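Take a look at the sequence and the model below. This report walks through a few of its features, one heading at a time.

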Amino acid sequence: MKNIKRNILLNPGPATTTASVKHAQVVPDICPREQEFGDVIEFVSTKLTQFIADPAQYVTVLFGSSGTAAVESILSSVIDQGILIINNGAYGKRMCEIADAYNLRYIEFQSSLTEPIDLQQLDTWIQQSAFACSHLAVVHHETTTGLLNDIASIGGLCKKYSMDFIVDAMSSYAAIPIHMKDMNISYLAASSNKNLQGMPGISFVIACTEKLKASREIKPKNYYLHLFSQYDYYSLHRQTRFTPPVQTFYALQQAIRELEVETVENRYARYVRSWETLVSGCNEMGLEYLVPEHSHAKLITAIKDPICSGYDFMEMHDFLYSNGYTIYPGKLANHHSFRVANIGDITYMDIENFLKLLAEYLKRIKYIQ
Ligand SMILES: *Cc1c(COP(=O)(O)O)cnc(C)c1O
């Protein structure tokens with residue numbers, strides 16, 4: 001098969017994929033209602049559950065969509081009373097926007113964008129909330145900044161107050177170990193194209209099966225994203241409810257096999273080595289990053305813009321892009337930063353090459369000697 005150019009994606013997903021995952025998409029045409037394709041779906045959903053939970057008690061519900069749809073599916077399908085949403089970045093804010101769109105009763109708990117959540121304060125908020133919240137939602141790894149939220153402790157609080165815990169684990173799943181039962185998580189959302197190192201186009205919800213079944217009593221607020229219906233159709237027919245992105249599923253099947261070989265722990269160790277290479281290189285060049293190391297997920301880094309008259313993000317981006325490296329703009333209005341992710345099928349050696357190019361740009365604008 002033809003060799004495909006290897007680009008180094010340092011944006012926070014879609015991430016760089018292996019050649020074998022790219023090639024896995026090239027398969028004979030198949031109707032997704034055939035048993036043969038049903039086996040692929042079954043493999044994918046069972047394995048996705050197994051990475052973080054016991055398939056006897058938890059189940060994966062798949063969607064042909066980007067990741068936001070999985071978050072929207074949970075929020076629009078399972079909230080019967082109120083929900084408390086933790087907002088400490090753009091993705092926490094997005095959950096509030098979804099809650100607004102569906103007219104959910106919600107309380108927004110705003111927290112620092114760069115420092116850990118104050119759990120004592122959160123506890124007080126839950127006790128003093130104006131109305132009962134049946135659910136609490138948080139982003140595990142805030143992709144905006146690189147901040148890692150302590151979901152084990154927040155899960156403990158949910159247990160204390162009998163709230164169902166919802167986690168957006170889009171950018172942590174398959175890198176940072178998660179245990180749904182121990183962390184008391186009822187619903188978790190993730191997607192195919194970040195640390196799973198698959199192609200974009202599949203999102204999924206991993207749910208506590210018992211809770212998911214109980215949610216059938218709640219009146220649907222939408223059609224396509226209704227979580228229980230999506231689950232129910234598949235469990236009755238062993239086929240997806242609507243046309244799935246067939247080729248993306250074959251790629252995901254291959255990506256899962258590769259994750260099983262590497263293991264989540266070793267993948268995270270590989271990512272952390274890349275992160276350490278990145279930050280030590282940045283330190284040498286006098287570049288600072290936003291989130292302190294103790295609460296950093298070590299998967300994506302928001303780096304403060306160099307203070308230098310010649311600096312221009314787009315110019316830096318274009319120079320790196322023309323050399324095969326893609327970086328990402330910042331997402332915070334009052335912190336001027338750009339972002340570099342270190343996820344995907346890359347190693348610290350790719351980061352070393354990236355740092356050389358970055359240094360070349362910074363020399364050119366006379367930020368460094
Ligand atoms: C990537 C991401 C999403 C989903 O983004 P899509 O563009 O819809 O795939 C949601 N939450 C977090 C934390 C993310 O990093």
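## Two backbone features in loops

P14 sits in the loop that runs between β1 (8–9) and α1 (19–23). The model is predicted, and in it the peptide bond between G13 and P14 is cis. Omega for this bond is about -5°.

A second loop lies between β8 (164–168) and β9 (185–191), and A174 is found there. What is the sign of phi at A174, positive or negative? Phi of A174 is near 75°, so to speak a positive value, and A174 is a residue other than glycine.

## The shell around the ligand

Which residues surround the ligand? They are S66, G67, T68, Y91, R94, V139, H141, T143, D168, M170, S171 and K194. By type, three of the shell residues are nonpolar, six are polar and three are charged.

Two helices contribute to this shell. Helix α3 (67–78) supplies at least two of the shell residues, and so does helix α4 (90–101).

## Polar contacts with the ligand

Three residues of the shell place an N or O atom beside a ligand oxygen. T143 uses its side chain: a polar atom there lies 2.4 Å from an oxygen atom of the ligand. K194 also uses its side chain, with an N or O atom 2.6 Å from a ligand oxygen. G67 uses its backbone instead, where an N or O atom is 2.9 Å from an oxygen atom of the ligand.

How much of the ligand's accessible area does the protein cover? On its own, the ligand has 380 Å² of accessible area, and the protein covers 85% of that.

## How helices pack

Two packed helices are described by the angle between their axes and the distance between the axes. Two pairs serve as examples here.

Start with helix α10 (residues 264–284) and helix α12 (residues 348–364). Their axes come within 8 Å and cross at roughly 20°. Angles under 35 degrees count as roughly parallel, so α10 is roughly parallel to α12. The crossing of α10 and α12 is right-handed.

Now take helix α2 (residues 35–50) and helix α9 (residues 246–262). These two pack at an angle of about 45°, and their axes are 10 Å apart. That angle makes α2 oblique to α9. Is the crossing of α2 and α9 left-handed or right-handed? It is left-handed.

Key
Residues numbered from 1 in each chain as written. Predicted model: local features only at pLDDT ≥ 70, side-chain atom pairs only at ≥ 80, totals over all residues. Heavy atoms only, no water. Near = heavy atom within 4 Å. Polar contact = N/O pair within 3.5 Å; in protein donor to acceptor, adjacent residues only side chain to side chain. Areas by Shrake-Rupley, 256 points an atom, 1.4 Å probe, with all protein chains shown as cover. Helix = DSSP H or I, 4+ residues; strand = E, 2+ residues; numbered from the N terminus. Nonpolar A, V, L, I, M, F, W, Y, C, P; charged D, E, K, R; others polar. Axes fitted to C-alpha atoms, helices over the stretch in contact; angles between N-to-C directions. Parallel < 35°, antiparallel > 145°, perpendicular 65-115°, else oblique. Left-handed = near helix turned anticlockwise from the far one by under 90°.
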